[in-house]
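Here is a friendly tour of one chain, section by section. Have the viewer open and follow along as the stops come up.

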Amino acid sequence: GWGLSIADTGDNLTVDGCTFDSNGNNAKHSITSGRIGTTGTYTLTGLAIRNSTFQNSVGEDYIQWLETSGACRIATVTGIIENNTFTKSAIQAENAIDIKSTALPNDPFVIEGNTIIGWSGVGSPGKPVVIQHCAEYVKFRYNTVDGGSGGLSCSTCRGIELQADSALSLPEVTPTPIKGLEVIGNIFRRMRYAITIGELDSQLDGAKIYNNTIDQISSQAFLITGSATYTNSFLRNNLTYRSGSGGTSVPTGWTYSNNGWFSTPCGGRCGANDVTETDPLFVDAANGDYNLLSGSPAIDKGINVGLAYNGAAPDLGAYETGGTHPSPPPAPSSLSATAISSSQINLSWIDTATNEDGFKIERCQGTGCTTFAQIGTAGVNITSYADAGLTAATSYSYRIRAYNAGGGDSGYSNIASAT
């Protein structure tokens, strides 16, 4: 059975501060979206799984979107999984997070700030995070994935696997490339592979692998299969230490540059402006503190990829000098919408963040509408917005999210409507 199965009426559901513990029983998934067949569509928006603990599973995945055997891109799930702890305590537990559904270009699915530990095993177990089938627009950022003492000897253990098998497991009549996958600012340590990408016949476009810190990977830091097709994809500003190699095959469609190889041969991942040294000078790598010490050869050796940085250029790896690790602000809460006239609706919300630069306000028109577009912004610490010039006797729905320059956008608030 499942701990929590979310149906297609579960929009804007929040799971916060919970513990999912199967006590060693053979549970299938702790949280899953609903199951559907091979026809029809399925949409869930605004989901938030945060500040929770997942432990003692001997079943399949802790979180899975979507349990389906259907065709590509029939399922859309948007939202965030943030600041949770996943612990693997038995080799039967398969994945911490398994994403099979797609998201949207302007409403991605975000996985950030989570800690995933002890992920090692024998055979197919040992993949903490899998982004597969036709999952698009998924952002995996600022997480820590630690295989633990058994991770290095596990033959299949890897930090995150981007399968992008649009033409393999779930064929389309005309396969199209998977887009919008990002792996940014994470820590991967003590396992066989850090990041694996591609499956036979898969197509991947626009992948971004930026500013990850990788330590003690016994085989390849970046296992990118040569049998897949890649376009417009980038591997930049990553820092790899004490690992087997950067990778072997050299598929086309990738740009490698400004990566750091410390006591690690770059192999097939060598690029322009790389740094090859012995010691990156971490504060305390043995205990997982990957901040850079003053004088580190990784400081100011990156290229601007749109993330906040100090100094003349970005540092390599997940942490900027001085310990900054940019992260998005938490989502605002308790959004309300009140019509004060036939042409104006006022919004108010609770600011839950201390690190936002402001808020983005989005609106859609019509009863039950789902196509939101940004209509304005509000400044830091502002908790209200007036939307004027509206059409009388018309329903409008709103959602907002906080943002900052370093970490990007928060998850969305609840949706509020008024006429």
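## Ground rules

A residue is called buried under 20% relative accessible area, exposed over 50%, and partly exposed in between, using a 1.4 Å probe and protein chains only. By that scale, Cys270 is partly exposed because its relative accessibility is 40%.

The model is a predicted one, so local features need pLDDT of at least 70 and side-chain atom pairs count only at pLDDT 80 or more, while totals for chains, interfaces and linings use all residues. Residues are numbered from 1 along each chain as its sequence is written, and side-chain values use heavy atoms, with hydrogens and water left out.

## The chain as a whole

Helices (H or I, at least four residues) and strands (E, at least two) are DSSP runs, numbered from the N terminus. On that basis the chain has 40 strands and 0 helices. Of its 419 residues, 55% count as buried.

A contact means heavy atoms within 4.5 Å. Take the contacts between residues at least 6 apart in sequence: 73% of them join residues at least 24 apart.

## Parallel pairings

Two strands are said to pair if DSSP finds at least two bridges between them. Strand E16 (residues 158-162) is a good place to begin: 5 of its 5 residues are buried, so the strand is largely enclosed by the rest of the structure. Strand E13 (residues 129-131) pairs with E16 in the parallel sense over 3 bridges, and Ile131 stands opposite Leu162 there. E16 also pairs with strand E20 (residues 193-197), again in the parallel sense, over 4 bridges. In that pairing, Arg158 has Tyr193 of E20 as its bridge partner.

Another stop is an open sheet of 3 strands in the order E17-E21-E25, with parallel pairing. Strand E17 (178-179) and strand E25 (229-231) are at the edges with a single partner strand each, so one side of each has no neighbour in the sheet. Between E17 and strand E21 (residues 203-205) there are 2 bridges in the parallel sense, and Ile178 stands opposite Leu204 in E21.

## An antiparallel sheet

Further along the chain, 3 strands make an open sheet in the order E33-E34-E37, and here the pairing is antiparallel. Its edge strands, strand E33 (333-341) and strand E37 (384-388), each pair on one side only. From one strand to the next, the twist averages 20° (axes are lines fitted to C-alpha atoms, for helices over the stretch in contact, and angles run from 0 to 180 degrees between N-to-C directions).

E33 and strand E34 (residues 344-350) run antiparallel and are joined by 6 bridges. One place to look is Ser336, whose bridge partner in E34 is Ser348.

## Cysteines

How many disulfides does the model hold? Counting pairs of cysteine sulfur atoms within 2.5 Å, the total is 2 disulfides. One of them links Cys266 and Cys270, with an S to S distance of 1.8 Å. The torsion about their S-S bond is about 70°, so this disulfide is right-handed. Cys266 is buried, as its relative accessible area is 17%, whereas Cys270 is partly exposed at 40%.

A disulfide also joins Cys364 to Cys369, with S to S 2.0 Å. Its S-S torsion is about 65°, so it is right-handed, and both Cys364 and Cys369 are buried. Cys18, at 32% relative accessibility, counts as partly exposed.

## Around Val283

Val283 belongs to strand E31 (residues 282-284) and is partly exposed, because its relative accessibility is 41%. Setting aside neighbours within four places in sequence, Val283 contacts Asp289, Asn291 and Leu293. Val283 and Leu293 are 10 residues apart along the chain, and their C-alpha atoms are separated by 5.8 Å.

## The largest pocket

Pockets are found on a 1 Å grid over the protein atoms alone: a pocket is an open set of points with protein on both sides within 12 Å along at least five of seven lines, where a 1.4 Å probe fits, and lining residues have an atom within 4 Å of a point. Grid points are joined across faces, edges and corners, and a volume is the space filled by probe spheres set on the points. The largest pocket has a volume of about 470 Å³. It is lined by 32 residues, of which Ala331, Ser410, Gly411, Tyr412 and Ser413 are the closest to its centre.

Elements giving two or more residues to this lining include strand E2 (14-16), strand E8 (75-82) and strand E38 (396-404). Strand E5 gives the most, with 4 residues.
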